[in-house]
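Let's take a friendly walk through a protein chain together. Have the sequence and the 3D view open, and turn the view as you read.

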Amino acid sequence: MGLFDRIKKAFTGKDDSEEKELEKKSSEQAPESDQNSKPEPASPEEKESTPEAQPEEATEDESTVEEKPEPAEPTVEEPESKTVEPEPESETKPENSSETVKEEPENTPEESAPEEVSESDEETEEETTEPVAEESKETEEPKESEETEKPKDDVKEYDEGLKKSRNSFSSRLNHFLANFRSVDEDFFDDLEELLIESDVGYETAMRISDELREEVKLENAKKKSDVSNVIVRKLVDMYGEEGKDEDNDLKFSTDKTPTIFLFVGVNGAGKTTTIGKLAHRYQSEGKKVLLAAGDTFRAGAIEQLQEWGKRVNVPVQASKAHTDPASVVYDAVQRAVNEDFDILLVDTAGRLQNKEGLMRELEKIKRVITRELPDAPQEVLLVLDGSTGQNALSQAKQFNETTDVSGIVLTKLDGSSQGGVVLAIRNELHIPVKLVGLGEQMDDLRDFDPEKFIYGLFKDLIVGASNK
Ligand SMILES: Nc1nc2c(ncn2[C@@H]2O[C@H](COP(=O)(O)OP(=O)(O)OP(=O)(O)O)[C@@H](O)[C@H]2O)c(=O)[nH]1
């Protein structure tokens, strides 16, 4: 069963063929009693969900007028979703948060062009690193986490977080389908354009268009509803295919040594915030977490990480601005080992005077870590601002050329209408997305779950597409 059918079945209780079968039967037997043909709804809670899901256009299309079974919304517990590989509800338990610490990302007028990273990195140890600002420790109790927020549900989070992306994609596609006259060359040109604009990536758009030509011929899909079904099915199944060997799980140390995650990415992508959220997650799980302020390029970045340290009650290894970041990281690794920390999360600069300088610095940081702990870092996580669409994709390409990225954190998907970039990242870069940011709060970080994500992105189209 392809991804499309798996998702459809998980969330509606029926896959496409079962549904067609049912429809056929019910139209043969009792044309009026279409009530009966509804898939037993999982839970009809938010029926209003997406207005564009059943756009007026669909009505004008001859064949599609008949009543659709109202999409069964996924229940919080996803009761019948057992068909999709069993997901442990692996999310952080959000017993806290709620308190919104406003952080200004660019709060410091940085840039006094920093001395180039010194090449002599053997040293690092004592010199630079007076742990000037290693505050927090266990001193401050997590006062903020007292006000409990109701636990967030995973499916629902994706569902809500991706509303904008979904609406944007659904309405574009629906608009497009409502306006095409025939499936000719112009149709395919326009479709390619639409897919590219939706940030699924150029190559993906071309592949879909090519394969669609075949499918359209094969399935003799001439009606709008058929074409729509084929497009969505292709998009989803292609995504499923590409991800067959993808491992979206974070890797951890397999011995007693600390796990180290190194975060890289351009300024403002959400590195510090992601580190804060992850620190909160592991801390809540009872792990001993240390943060390292490896972005010494600007003082504001150090303060920002320290702020997060306070918020989530986790110590931060830091030094003065413009210290060699490798020395800060060296000290952090030493401390993590000596004091039995479970996890060390390392922040890095998003910008230096030039790209080469930045890449050299990242390399050096990584070398320092690996020299101390050969299996670390267990992850080099590239943080990308998901709301930047194609821009995120080209950043990923650049970083991946110079840094050995093991996974991607895609942030700001809540505010984005560019969720399609996830398709491009998988189909074109083959780097697994491991985490997604669905908001600014401590609990708004999710392990990336491809099926829930795709459901969140295409819900209306998946549930609606095949019933026409
Ligand atoms: N809506 C939303 N905002 C986010 C998310 N992740 C981060 N942000 C916001 O994005 C802004 C930048 O995040 P930072 O964590 O400072 O980014 P950074 O990559 O560390 O940037 P520098 O410290 O400048 O290198 C902040 O205002 C965050 O609150 C997310 O998932 N959703």
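Which residues in helix 7 meet which residues in helix 8? Keep in mind as you look that this is a predicted model. On the side of helix 7, the residues are Arg207, Ile208, Glu211, Leu212, Glu215 and Val216. Their partners in helix 8 are Val227, Val230, Ile231, Lys234, Leu235 and Met238. Sorted by class, this contact holds eight nonpolar residues, four charged ones and no polar ones.

Now look at how these two helices are placed. Helix 7 covers residues 202–218, and its axis lies 10 Å from that of helix 8, at an angle of about 130°. An angle of about 130° makes helix 7 oblique to helix 8. The crossing of this pair is right-handed.

Helix 8, residues 224–242, has a contact with helix 14 as well, which covers residues 421–429. The axes of helix 8 and helix 14 come within 9 Å and cross at roughly 45°. That angle, too, counts as oblique, but the crossing of helix 8 and helix 14 is left-handed. Helix 8 brings Leu235, Met238, Tyr239 and Glu242 to this contact, while helix 14 brings Leu423, Arg426 and Asn427. By class, that gives four nonpolar, one polar and two charged residues. Leu235 and Met238 appear in the contact with helix 7 and again in the contact with helix 14.

Let's step back to the chain. It has 468 residues, and 50% of them are buried. Its secondary structure comes to 15 helices and eight strands. Take the contacts between residues at least 6 apart in sequence: 81% of these join residues at least 24 apart.

Val337 gives you a place to see residues from separate parts of the sequence come together. Find Val337 in helix 11, residues 325–338. Leaving aside neighbours within four places in sequence, Val337 is in contact with Thr257 and Pro258. Lys256 is 81 residues away from Val337 along the chain, yet their C-alpha atoms are separated by 9.1 Å. Is Val337 buried, exposed or partly exposed? It counts as partly exposed, because it has 15 C-beta neighbours inside 10 Å.

Next, turn to the ligand. Which of the 24 residues around the ligand come nearest? They are Gly270, Lys271, Thr272, Thr273 and Gly437. Helix 9 (271–284) and helix 10 (299–312) each supply at least two residues of the shell, and helix 9 gives the most, with three. By class, the shell has twelve polar, seven charged and five nonpolar residues.

Finally, let's visit some details of the backbone. Most residues other than glycine have a negative phi, and most peptide bonds are trans. Asn313, in the loop between helix 10 and strand 3 (316–317), has a positive phi of about 60° although it is not a glycine. His430 also has a positive phi, near 60°, and lies in the loop between helix 14 and strand 7 (433–437). Their surroundings can be compared by counting C-beta atoms within 10 Å: Asn313 has 20 others and is buried, whereas His430 has 12 and counts as exposed. The last stop is the peptide bond from Ala376 to Pro377, which is cis, with omega near -5°. You can find Pro377 in the loop between helix 12 (355–372) and strand 5 (379–385).

Conventions: Residues numbered from 1 in each chain as written. Predicted model: local features only at pLDDT ≥ 70, side-chain atom pairs only at ≥ 80, totals over all residues. Axes fitted to C-alpha atoms, helices over the stretch in contact; angles between N-to-C directions. Helix = DSSP H or I, 4+ residues; strand = E, 2+ residues; numbered from the N terminus. Parallel < 35°, antiparallel > 145°, perpendicular 65-115°, else oblique. Left-handed = near helix turned anticlockwise from the far one by under 90°. Contact = placed C-beta atoms within 7 Å. Nonpolar A, V, L, I, M, F, W, Y, C, P; charged D, E, K, R; others polar. Near = placed C-beta within 6 Å.
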